[in-house]
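Please look at the sequence and the model shown below before reading on. The report that follows takes up a few local features in turn.

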Amino acid sequence: MAGLASPLRVCRGILKELRAMQGPSYKRSLAYSYVMDQFRKNKVTGERYCRAQQEALHASHTYLCLLTSTRNHQALHNLYHAKGECSTEEAAGLVGLRLPTQPGGKGWEK
């Protein structure tokens, strides 16, 4: 797989996502302990614990992608998920449109 990030960059990315999910107390979580333990185990070489040379790095990169995508999905879901009924004007504004105004009504006089 071309263009995989370095193990340090992937580790920092995973820790950044954990910090975003759990807040400042992320260092006391089991996920933090597990991630750091796995990166320390595979520090010397990927071949020591994996069949393929880049398997551990690929798995960590995939996990980082999952965490990032999940956070982005949650942000989009919170932004666009229906919070009850909304007016036609609000629905049009949500997608970047404006409703036309009635001729001779408010908005046409200048």
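What follows describes a helix, one of its exposed residues and a pair of aromatic rings, all in a predicted model.

## Helix 1: length and end

Helix 1 covers residues 7–22, and its 16 residues should span 22 Å because each residue is expected to add 1.5 Å. The C-alpha atoms at the two ends of helix 1 are in fact 22 Å apart in the model, so the computed distance agrees with the expected one. Helix 1 is followed by Gly23, a residue whose phi is positive, near 85°.

## Helix 1: buried and exposed residues

The buried residues in helix 1 are Val10, Cys11, Gly13, Ile14, Leu15, Glu17 and Leu18, and what covers them includes helix 2 (30–41) as well as helix 3 (55–80).

Met21 also lies in helix 1, but with a relative accessibility of 53% Met21 counts as exposed, because the cut-off for that class is over 50%. The C-alpha atom of Met21 is separated by 8.2 Å from that of Arg71, although the two residues are 50 residues apart along the chain.

## The aromatic pair

How many aromatic pairs does the structure hold? The structure holds 1 such pair, which is formed by Tyr26 and Tyr32 and has an edge-to-face arrangement, with 5.6 Å from centre to centre and 85° between the planes. The angle of 85° places the pair in the edge-to-face class because that class takes planes over 60 degrees apart. Both partners, Tyr26 and Tyr32, are buried.

Technical notes:
Residues are numbered from 1 along each chain as its sequence is written. This is a predicted model: local features need pLDDT of at least 70, side-chain atom pairs count only at pLDDT 80 or more; totals for chains, interfaces and linings use all residues. Side-chain values use heavy atoms; hydrogens and water are left out. Helices (H or I, at least four residues) and strands (E, at least two) are DSSP runs, numbered from the N terminus. The expected span of a helix is 1.5 Å times one less than its number of residues. Buried means under 20% relative accessible area, exposed over 50%, partly exposed in between (1.4 Å probe, protein chains only). Contact means heavy atoms within 4.5 Å. Rings of Phe, Tyr and Trp (its six-membered ring) pair if their centres lie within 6.5 Å; planes under 30 degrees apart count as stacked, over 60 as edge-to-face and the rest as tilted.
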